[in-house]
Amino acid sequence: MCSVLRRQVAALCASGLRPQVPSIHINIRNAQMRLYSSELPVRNKTDKFPITWKSVAVTAVTGGGILFYMWNLKKAKQNALEKERRRNLGKVAIGGKFELVDCNNKPVKSEDFLGKWALIYFGFTHCPDICPDELEKMAAVVNKIDGQPNVPNITPIFISVDPERDTPELVGKYVKEFSPKFIGLTGTVEQVAAACKAYRVYFSAGPKDKDSDYIGPD
């Protein structure tokens, strides 16, 4: 059989024809691509994970800084609103300087009570009921507070709003009936009016009777 094939090949060569041998073409590029696509990627052990402790720390610090900034911003806004509210309301101006006289006709100024606790009551000696009741309450409160070991003593002060009738001697005698701790003060009409104005106390003489007398200021 081999000899027959050799003779056929020799005859074909003599006639100038080349034998038709089937050829096989392999697309190496496509085969490589199919090979690569069919394989799963292998992670290198030296590759780093995308989330690290450093990135977590940076995120935490950044978030904390943002929260702190927002908190300060909110606090500043609240303080500004509170300041504006107080400005709109204004400050109550109660109290101020005064210059009167005591039961010994000795000048007494408001500066004499600086650094001390004082409880001031405005009234008059001809007051039938309200003033005595309030002065008794003041005396009881002062005695109770003075009995506390860690509380500073309080000086009770009575200022007359009836300077035309309440002389220094009369005021001194009147307040001592409630407590020896009381300091009774009076003065001229102008001095008393100035003290009342400083402490926002308003008064006026009541209606007079047939003897041109009156119960007291309203």
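The following legends describe close-up views of a predicted model.

**Figure 1. Overall organisation of the predicted protein.** The chain forms 6 helices and 5 strands. In sequence order, these elements follow the pattern α-α-α-β-β-β-α-β-α-β-α. Of the 218 residues, 23% count as buried. Among contacts with a separation of 6 or more, 66% join residues 24 or more positions apart.

**Figure 2. The segment annotated as a transmembrane region.** An unreviewed UniProt entry assigns the annotation "transmembrane region" to residues 51-71. In the model this span is 90% helix and 0% strand. The C-alpha atoms at its two ends are 29 Å apart.

**Figure 3. The largest pocket and its lining.** The largest pocket encloses about 260 Å³ of space. Its lining consists of 13 residues, and those nearest the pocket centre are Gly96, Ser110, Phe113, Leu114 and Tyr199. Sorted by class, the lining comprises 7 nonpolar, 3 polar and 3 charged residues.

**Figure 4. Cys127 and Cys131, the annotated binding site.** The unreviewed UniProt entry places the annotation "binding site" on Cys127 and Cys131. Cys127 belongs to the loop between β3 and α4 (130-146), whereas Cys131 is part of helix α4. Because buried means under 20% relative accessible area, Cys127 qualifies at 10% relative accessibility. Cys131 is likewise buried, with a relative accessible area of 4%. Leaving out residues up to four places away in sequence, Cys131 touches Tyr121, Gly123, Phe124 and Tyr174. Of these partners, Tyr174 is among the buried residues of helix α5, the subject of the next view.

**Figure 5. The buried and exposed sides of helix α5.** Helix α5 spans residues 168-176, and its buried residues are Pro168, Val171, Gly172, Tyr174 and Val175. These residues cover an arc of only 165 degrees around the axis and therefore lie on the same side of α5. On the other side of the helix, Glu169 and Lys173 are exposed. The buried residues of α5 pack against β1, α4, β4 and β5 (183-185). Helix α4, one of these packing partners, is also the helix that holds Cys131.

**Figure 6. Helix α6 and the elements that cover its buried face.** Within helix α6 (residues 189-198), Val192, Ala195, Cys196 and Ala198 are buried. Viewed down the axis of α6, these buried residues fall within an arc of 160 degrees, so they line one face of the helix. Glu190 and Lys197 are exposed on the other side of α6. The cover over the buried residues of α6 includes β1 (99-101), β3 (117-123) and β4 (154-160). Strand β1 thus appears in this view as part of the cover of α6, and it is also among the elements against which the buried residues of α5 pack.

**Figure 7. Leu100 in strand β1 and its surroundings.** Leu100 lies in strand β1. With 1% relative accessibility, Leu100 counts as buried. Apart from neighbours within four places in sequence, Leu100 is in contact with Lys106, Pro107, Val108, Ile159, Leu185, Thr186, Gly187, Gln191, Val192 and Ala195. Two of these partners, Val192 and Ala195, are among the buried residues of α6. The C-alpha atoms of Leu100 and Ala194 are separated by 9.9 Å, although the two residues are 94 residues apart along the chain.

**Figure 8. Two residues with positive phi, Asn105 and Arg200.** Asn105 is not a glycine, yet its phi is positive, at about 60 degrees. Asn105 is located in the loop between β1 and β2 (107-109). Arg200, also a residue other than glycine, has a positive phi near 60 degrees. Arg200 occurs in the segment after α6. At 43% relative accessibility, Arg200 counts as partly exposed.

Key:
Residues numbered from 1 in each chain as written. Predicted model: local features only at pLDDT ≥ 70, side-chain atom pairs only at ≥ 80, totals over all residues. Heavy atoms only, no water. UniProt positions renumbered as here; feature names shortened; annotations may be inferred. Helix = DSSP H or I, 4+ residues; strand = E, 2+ residues; numbered from the N terminus. 1 Å grid on protein atoms, 1.4 Å probe; cavity = no way out; pocket = protein on both sides within 12 Å on 5 of 7 lines; lining within 4 Å. Points joined across faces, edges and corners; volume = space filled by probe spheres on them. Nonpolar A, V, L, I, M, F, W, Y, C, P; charged D, E, K, R; others polar. Buried < 20%, exposed > 50% of the residue type's maximum accessible area, 1.4 Å probe, protein only. Arc of directions from axis to C-beta. Contact = heavy atoms within 4.5 Å.
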